[in-house]
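Hi everyone, thanks for coming. Today I'd like to walk you through how some helices pack against one another, so please take a look at the structure.

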Amino acid sequence: MLRSLRVPVPLWETTLPAELRTVTTPLGGDAQVDVAIVGAGFTGLWTAYYLAGADPTLRIIVLEREHVGFGASGRNGGWCSALLPTSLTTLASTHGRDRAIDLLRAMHATVEEVARVADEEGIDAQLARGGTLTFARSEVQDGRLLDEVREARSFGFGPQDVRMLTAGELTDRCRVTRARSAMFTPHCAAVHPARLVHGLAGAAQRRGVVIHEQTAVVAADGRRVTTERGTVTADAVITATEAYTAALPGRRRDLVPLYSLMVGTEPLPPAVWDEIGLDDRPTFNDGRHMIIYGQRTADGRLAFGGRGAPYHFGSRIEPSFDTDDRVRRLLIGTARDLFPVLTDVEFPYHWGGPLGVPRDWHAGVRFDRDTGAGAAGGYVGDGVAATNLAGRLMADLVTGRTSELTALPWAGHRSRRWEPEPLRWLGINLG
């Protein structure tokens with residue numbers, strides 16, 4: 001049965017205890033600092049956190065139009081994963097085999113780095129290192145997953161990084177209909193993203209970072225950030241706005257905002273979870289082309305999402321796009337197809353938001369010392385861990401430190417701009 005009841009805010013926001021929520025004041029007028037960061041999501045906050053750790057004397061300010069974690073950082077599926085939006089083969093063709101391997105190894109280490117920081121800073125992100133299960137539910141999907149494992153092997157990644165499971169081995173972990181096999185990687189942790197992003201904000205503040213919410217940025221030009229509440233001048237200005245970059249002057253074609261939507265349940269009884277499994281809280285998806293993703297939350301809910309919402313002409317972002325009845329029905333139907341025990345379970349939560357997609361599906365972290373301008377983003381929806389790597393890389397670039405991170409393919413990468421409309425709308429929606 002499909003009920004009309006919906007909660008318009010993300011499940012993560014409604015289950016975030018009030019005492020864990022970061023609350024700050026708006027900018028109170030003009031200011032001069034060493035580093036100004038636009039956007040209080042994961043990218044901006046990780047950058048601020050590592051910069052403050054590298055040089056405690058830096059005056060760092062983070063400016064946020066809404067509130068901490070308002071964008072994708074607080075609305076995502078809670079996958080702290082090592083996933084990259086482009087294949088190793090594609091990366092190697094552009095950057096060389098060794099640099100492609102280095103990037104994926106760095107992502108593997110980043111999953112552990114996020115867990116380390118959460119533990120060190122006392123952030124209760126309800127993190128569970130359960131890995132990721134990708135189901136194969138057709139012969140085509142089975143072949144697709146086998147090809148992924150073969151590609152990983154060809155780049156030197158062994159069974160400890162990714163391996164196939166038989167249908168019987170999968171059943172021991174999760175009971176999904178029509179499963180022929182599955183691919184498993186341990187390099188992922190399920191998290192409560194709102195708990196993580198607000199905990200990170202608190203950790204940054206303890207390092208001396210100043211955060212101003214409810215401060216809309218009008219323009220970020222060189223070493224000046226103009227807001228509706230004052231102007232901030234800084235030696236370095238970092239744009240960390242992901243999908244919302246399209247709303248900044250002159251930046252509409254940098255990243256395309258594509259919507260990913262989710263549904264969620266109330267806590268499910270133990271008997272339902274006995275039928276589903278996922279005892280170790282692995283994140284899960286399957287081998288279809290249309291992306292789906294899910295997790296069993298720490299409080300026993302199912303949080304399930306997928307792509308499929310349309311791209312909106314002119315890279316528009318509107319609150320009304322955060323839900324979509326057609327996609328909601330498809331998501332609920334897909335979840336019930338995977339796990340028939342959910343047939344009579346209600347999904348009262350429905351939410352979503354835009355993610356940032358560069359033209360080449362390749363994240364970039366850039367800082368120009370001559371102009372003081374920097375930018376990071378383009379994670380194509382896999383940013384919970386990737387933002388940490390980007391934040392550490394940006395901290396090295398701003399402080400001038402040469403490291404293993406500054407040799408990664410993301411460093412200095414600039415994607416070519418998306419086509420002007422109507423070509424952009426036609427190409428994306430046809431794709």
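Let's start with a term we'll need: a crossing is called right-handed if the near helix is turned clockwise from the far one by less than a right angle, and left-handed if anticlockwise. Please keep in mind that this is a predicted model.

Our main character is helix α2, residues 42–54, and its first partner is helix α10, residues 383–399. Their axes come within 8 Å and cross at roughly 45°. Because of that angle, α2 is oblique to α10. And which hand does the crossing of α2 and α10 have? It is right-handed.

Who touches whom here? On the α2 side you'll find Phe42, Thr43, Trp46, Thr47, Tyr50, Leu51 and Ala54, and they meet α10 residues including Val384, Gly391, Arg392, Met394 and Val398. Sorted by class, this contact of α2 with α10 has nine nonpolar, six polar and one charged residues.

Now turn to the other partner, helix α4, residues 97–120. The axes of α2 and α4 come within 14 Å and cross at roughly 70°. An angle from 65 to 115 degrees counts as roughly perpendicular, so α2 is roughly perpendicular to α4. This time α2 passes α4 in a left-handed crossing.

From α2, the contact uses Trp46, Tyr49 and Tyr50, while α4 brings Glu113, Val114, Val117 and Glu120. By class, the contact of α2 with α4 has five nonpolar, no polar and two charged residues.

If you'd like to follow a residue on screen, try Trp46: it takes part in the contact with α10 and in the contact with α4. Thanks for listening!

Methods
Residues are numbered from 1 along each chain as its sequence is written. This is a predicted model: local features need pLDDT of at least 70, side-chain atom pairs count only at pLDDT 80 or more; totals for chains, interfaces and linings use all residues. Side-chain values use heavy atoms; hydrogens and water are left out. Axes are lines fitted to C-alpha atoms, for helices over the stretch in contact, and angles run from 0 to 180 degrees between N-to-C directions. Helices (H or I, at least four residues) and strands (E, at least two) are DSSP runs, numbered from the N terminus. Angles under 35 degrees count as roughly parallel, over 145 as roughly antiparallel, 65 to 115 as roughly perpendicular and the rest as oblique. Contact means heavy atoms within 4.5 Å. Ala, Val, Leu, Ile, Met, Phe, Trp, Tyr, Cys and Pro count as nonpolar, Asp, Glu, Lys and Arg as charged, and the others, Gly among them, as polar.
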